[in-house]
Amino acid sequence: MNQEPSLRAQPAAREGRYLTFTLGDESYGFPVLNVREIIRLCPITPVPRMPAHVKGVINLRGTVIAVLDLRAKFQFAAKDYGERSCIIVVQVAAPSGGNTLMGAIVDAVEEVVQLTADDIEATPDFGGAPETQYILGLATIEGSVNILLNIEKIFAEDGTLSLPPLTKPEPTQPDKG
Amino acid sequence: MFPENPKESSISRFPKAADIIGQLGEELAFVAPNQDRGLLPINRFVMDLEELAEADVPPQLTAGLQVARVWLDHVLDGPGKFTKETIRNFNEWHAWMTSVLLSWQTGTATPAWPEGWALTEKSGSATQRDGSATTALPSGAEEPSICLDLAEDFGLLREFHGESLELLQGIEQGVLVLEENPADATTIDSIFRAFHTFKGAAGFLHLDALRDLAHDLESLLDAVRRSELPITSEIIDLILAGADALKHFTREVGSQLQGTNAGVPIVFPTRQIIARVQSSLRGESSPEIADPPEGVERSQTAGVSSAPMTKTSELQAQPKVRQSVVGAFRELTIPSPASGFVKLDTAKLDNLVDLVGELVIAQSMVVQNPDVQVINSLQLVRCLRQLSRITTELQRNAMSLRMVPIRAIFHKMNRLVRDLAAQKQKQVQLLLEGEDTEFDRNIVEKLSDPLVHMIRNAVDHGLEDSADRVAQGKSELGTIRLTAAHQRGGIVIRIQDDGKGLDRGRILAKAIEGGLVKANANLTESEIFSLIFQPGFSTAETLTDLSGRGVGMDVVARNIENLRGKVEIQSVPGQGTTFTILLPLTLAIIDGLLIGVGDHRYIIPTLSIRESFRPAPGMVTTVHGHGEVVRVRGRQTPLLRLGHYLGTASRAVKPEDGIIVVVESGDAARGLLVDELIGKQEVVIKSLGRAFRQQNLLAGGAVLGDGGVGLILDVDTLVQMPYQPSRSAVPISPATP
């Protein structure tokens with residue numbers, strides 16, 4: 001996962017405020033600028049035939065937004081949602097311009113921290129096993145490690161995660177003979 | 001009461017002349033083109049003046065009377081009716097005579113002889129100051145006038161009117177800014193764009209004089225924009241004069257639309273402005289046209305009736321009196337039309353619709369709240385009922401805000417067909433159906449271009465020449481039928497011509513030639529037809545200036561695809577071609593049937609539902625041991641167990657435990673086995689967002705009454721997907737890179 005040495009060389013670009021939350025025993029962070037709000041878990045309408053981590057959709061004051069389960073996304077063992085489980089609503093820049101709202105289910109929200117460039121380290125190379133592509137960097141906060149996540153990467157990919165078209169290929173395909 | 005200045009000998013004549021001219025003015029105010037109303041009284045007054053002028057009056061008055069006599073005789077000897085030109089001339093004349101009176105009264109210098117007034121016999125003193133005065137008003141230099149085709153273009157004109165008012169307001173504001181800061185590039189740009197838009201609209205409505213003026217003003221501003229011309233007060237004057245003329249016209253359109261003077265040609269005095277603009281563009285300073293009569297300014301016309309100082313004379317105001325023009329421009333606040341429109345940011349609209357949706361849900365939460373329900377109060381029940389009535393009404397209103405009838409676009413097509421037919425010398429009638437069908441405005445806007453293109457194609461290539469049609473035993477009159485409807489849970493627009501139909505052989509040959517298909521390709525008819533949507537496809541031999549069938553059809557297809565729609569073609573040689581545009585109801589409101597499968601609820605668009613029933617034992621038969629069909633109205637229809645397909649545990653194990661909903665898409669139908677029907681509901685389709693954009697199982701989501709999200713099934717997919725009998729669908733694993 002060495003495709004982005006330039007980003008890695010400049011951790012300064014990532015300094016700022018982060019909202020930290022937990023998944024299992026691990027601590028993660030989202031850039032605060034992307035976070036719109038935090039809501040309690042509410043009934044989620046499942047969307048059929050979707051990957052397991054796409055939990056479904058919710059009605060956020062009239063807007064239908066997709067909700068992902070970050071535990072499932074990062075292949076944590078499935079666990080019932082607890083008292084502190086909640087949905088972090090984030091704003092993701094769409095490649096086509098504009099913003100989309102999406103929700104991420106996390107185990108618990110912790111706090112907002114201010115991180116300087118010195119606090120953030122580049123992602124070490126695990127040799128491929130953990131998926132580091134979603135990781136912006138690692139931050140050490142009061143002795144414990146916090147994994148900063150790249151929101152664009154996490155959510156952008158789900159645009160391609162859905163079903164392939166169910167219909168047969170377009171009959172307009174001219175080269176079929 | 002008159003000042004002592006007038007010469008002794010004429011002192012008794014002045015009030016009389018002023019009186020007559022005043023009455024003449026009143027009479028003039030009532031004349032109308034193509035009518036003789038007022039002609040005889042005016043003649044009478046002119047005769048009175050002539051009698052008066054036999055002795056000692058200013059020479060200009062006599063000269064003016066001679067001009068009027070020529071004109072009047074011309075009218076009396078000729079058609080016996082006024083025309084718009086004569087009316088305008090008389091109004092100008094009256095204004096000038098008024099100013100002559102004024103100079104007579106005050107003893108000041110007499111006004112200049114207006115340019116272009118012809119005299120049958122030279123009246124010495126009157127022509128002294130201006131050598132060009134005797135140039136006859138050439139007939140070719142008549143001010144253009146425009147006759148509105150109210151019957152044909154009513155809707156378009158109304159749109160034009162509203163839009164124009166807005167543009168003019170923009171120009172007006174722009175001019176005010178320019179006066180402060182002549183170098184403001186943004187403002188120049190915005191005025192440029194406003195004139196450009198004006199030109200476009202005028203061109204479309206064939207308001208040629210208007211288009212020409214807007215075009216010249218646009219060129220002027222363009223030159224300014226590129227710094228080819230410095231912005232001077234002269235140019236600002238020109239912009240103002242131009243905007244004034246446009247405003248005059250727009251106001252006339254507005255009053256005609258409201259039924260005043262309907263059908264009366266509108267005189268559109270642009271000649272001078274255009275001439276000045278063009279000379280400015282050539283870099284000359286504008287030709288000084290004869291000084292306007294000083295008396296035009298109202299303040300000086302005291303004592304003389306100013307009734308006939310009509311708009312026309314105001315519009316003739318020359319740059320010399322710029323201050324007053326600017327003033328007039330500022331004063332003339334544009335009257336708001338009776339039924340006004342407001343342009344809104346669509347995001348605000350969406351927001352409103354969302355909030356109203358929230359309100360409805362909050363309202364039902366209050367009503368259904370158990371604590372509230374135990375309150376035993378008739379008063380409360382009444383209040384709650386009132387609340388729910390208002391919220392429902394509010395919701396319906398809010399939803400309808402986004403919907404507009406497709407009428408405006410259809411009527412544009414009317415115009416297009418008329419023009420194209422004339423150009424191609426074909427006889428074509430356009431039949432419109434379903435103009436009142438309401439579409440989401442986003443769709444309506446984006447539909448215009450593809451429709452124009454397809455209609456062009458139909459007129460140009462779909463329909464044969466009259467001679468060919470007659471030879472084939474068809475009516476000489478070609479027919480294009482344009483229909484819009486809500487169907488199949490979506491929007492269907494059909495363009496149907498009764499022309500020669502698509503030439504399969506040629507399309508195929510062309511496609512093979514162009515390398516789009518292999519020579520040995522075995523294509524079905526619809527596959528061949530859809531080749532015309534391939535980029536770069538064109539049966540070039542049919543190319544004309546209007547269109548080539550195939551040229552740009554790929555653009556049409558792409559536009560429609562961008563709306564998540566598709567185009568289908570049916571064509572019978574010799575009988576015509578039908579293009580069917582199918583569009584989804586994104587953002588639209590649909591009637592949905594809420595069904596339950598297992599623990600989940602889904603919405604099926606009511607329009608796609610043919611019927612629903614509880615099957616009796618034995619109605620469902622298996623085929624090859626796993627496929628299932630159900631007999632519906634004598635036809636075996638494939639059955640799809642929705643629960644299995646969606647991966648939800650269904651409660652209905654045997655078909656007779658559930659309900660079969662028969663849905664259709666195109667000619668195909670399929671029975672969906674669901675657990676229960678929950679209810680019918682009108683819902684607003686909401687996009688599911690980016691995360692689900694690549695699936696085609698769901699057409700969208702909708703917020704249900706309890707605040708949850710209901711998913712709307714895409715019936716086309718369910719009906720058309722390859723037959724997958726009652727097997728549970730396996731979720732597809734994440735395609736991680």
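A residue counts as buried if 20 or more other C-beta atoms lie within 10 Å of its own, with the C-beta atoms placed from the backbone. By that yardstick, buried residues make up 37% of the 737 residues in chain B. Keep in mind through all the views that this is a predicted model.

**Chain B as a whole, with its helices and strands.** Chain B carries 22 helices and 20 strands. Take the contacts in chain B with a separation of 6 or more: 69% of them come from residues 24 or more positions apart. On the confidence side, the mean pLDDT of chain B is 74, and 80% of its residues reach 70 or more. The model itself scores ipTM 0.77 and pTM 0.47.

**Chain A as a whole, with its order of elements.** Here you'll find three helices and 11 strands in chain A. Read from the N terminus on, the elements go α-β-β-β-β-β-α-β-β-β-β-β-β-α. Of the 177 residues in chain A, 37% are buried. For contacts with a separation of 6 or more in chain A, residues 24 or more positions apart supply 57%.

**Helices α2 and α3 of chain B, where they pack.** Two packed helices are described by the angle between their axes and the distance between the axes. Helix α2 of chain B covers residues 39-52, and helix α3 of chain B covers residues 59-77. Their axes come within 11 Å and cross at roughly 150°. An angle over 145 degrees counts as roughly antiparallel, so that's how α2(B) and α3(B) run relative to each other. The crossing of α2(B) past α3(B) is left-handed. On the α2(B) side, the contact uses B:L39, B:I42, B:N43, B:V46, B:L49 and B:E50. On the α3(B) side, look for B:L65, B:A68, B:R69, B:L72, B:V75 and B:L76. Sorted by class, this contact has nine nonpolar, one polar and two charged residues.

**Helices α7 and α9 of chain B, another packed pair.** Helix α7 of chain B (residues 208-225) packs with helix α9 of chain B (residues 271-281) at an angle of about 25°. The two axes are 10 Å apart. Angles under 35 degrees count as roughly parallel, and α7(B) and α9(B) are therefore roughly parallel to each other. Their crossing is left-handed. From α7(B), the contact residues are B:D212, B:L213, B:D216, B:L217, B:S219, B:L220 and B:A223. From α9(B), B:I273, B:I274, B:V277, B:Q278, B:S280 and B:L281 join in. That splits into eight nonpolar, three polar and two charged residues.

**B:H453 in helix α16 of chain B.** The helix shown, α16, spans residues 441-462 of chain B. B:H453 is partly exposed, because it has 17 other C-beta atoms within 10 Å. Its partner in this view is B:M553. The two are 100 residues apart in sequence, yet their C-alpha atoms are 7.8 Å apart in space.

**A:A117 in a loop of chain A.** This loop sits between β8 (108-115) and β9 (120-121) of chain A. A:A117 has 13 C-beta neighbours inside 10 Å, so it counts as partly exposed. Bring A:G16 into the picture too: A:A117 and A:G16 are 101 residues apart in sequence, and C-alpha to C-alpha they are 8.4 Å apart.

**A:R49 and its positive phi.** A:R49 is a residue other than glycine, and its phi is near 55°. You'll spot A:R49 in the loop between β3 (35-40) and β4 (54-60) of chain A. With 19 other C-beta atoms within 10 Å, A:R49 is partly exposed.

**B:Q425 and its positive phi.** B:Q425 isn't a glycine, but its phi is positive, at about 50°. Its loop lies between α15 (407-424) and β4 (428-433) of chain B. Only 12 or fewer neighbours make a residue exposed, and B:Q425 has 8 C-beta neighbours inside 10 Å, so it counts as exposed.

**Two stretches of chain B where pLDDT stays under 50.** One of them covers residues 286-337 of chain B, for which the model has 97 contacts beyond four places in sequence. The other covers residues 539-551 of chain B, with 30 contacts beyond four places in sequence. Where pLDDT is low, the predicted coordinates should not be read in detail.

Technical notes: Residues are numbered from 1 along each chain as its sequence is written. Chains are lettered from A and ligands numbered from 1 in the order in which they are written. This is a predicted model: local features need pLDDT of at least 70, side-chain atom pairs count only at pLDDT 80 or more; totals for chains, interfaces and linings use all residues. Axes are lines fitted to C-alpha atoms, for helices over the stretch in contact, and angles run from 0 to 180 degrees between N-to-C directions. Helices (H or I, at least four residues) and strands (E, at least two) are DSSP runs, numbered from the N terminus. Angles under 35 degrees count as roughly parallel, over 145 as roughly antiparallel, 65 to 115 as roughly perpendicular and the rest as oblique. A crossing is left-handed if the near helix is turned anticlockwise from the far one by less than a right angle, and right-handed if clockwise. Two residues are in contact if their C-beta atoms, placed from the backbone, lie within 7 Å. Ala, Val, Leu, Ile, Met, Phe, Trp, Tyr, Cys and Pro count as nonpolar, Asp, Glu, Lys and Arg as charged, and the others, Gly among them, as polar. pLDDT is the predictor's confidence in each residue, from 0 to 100.
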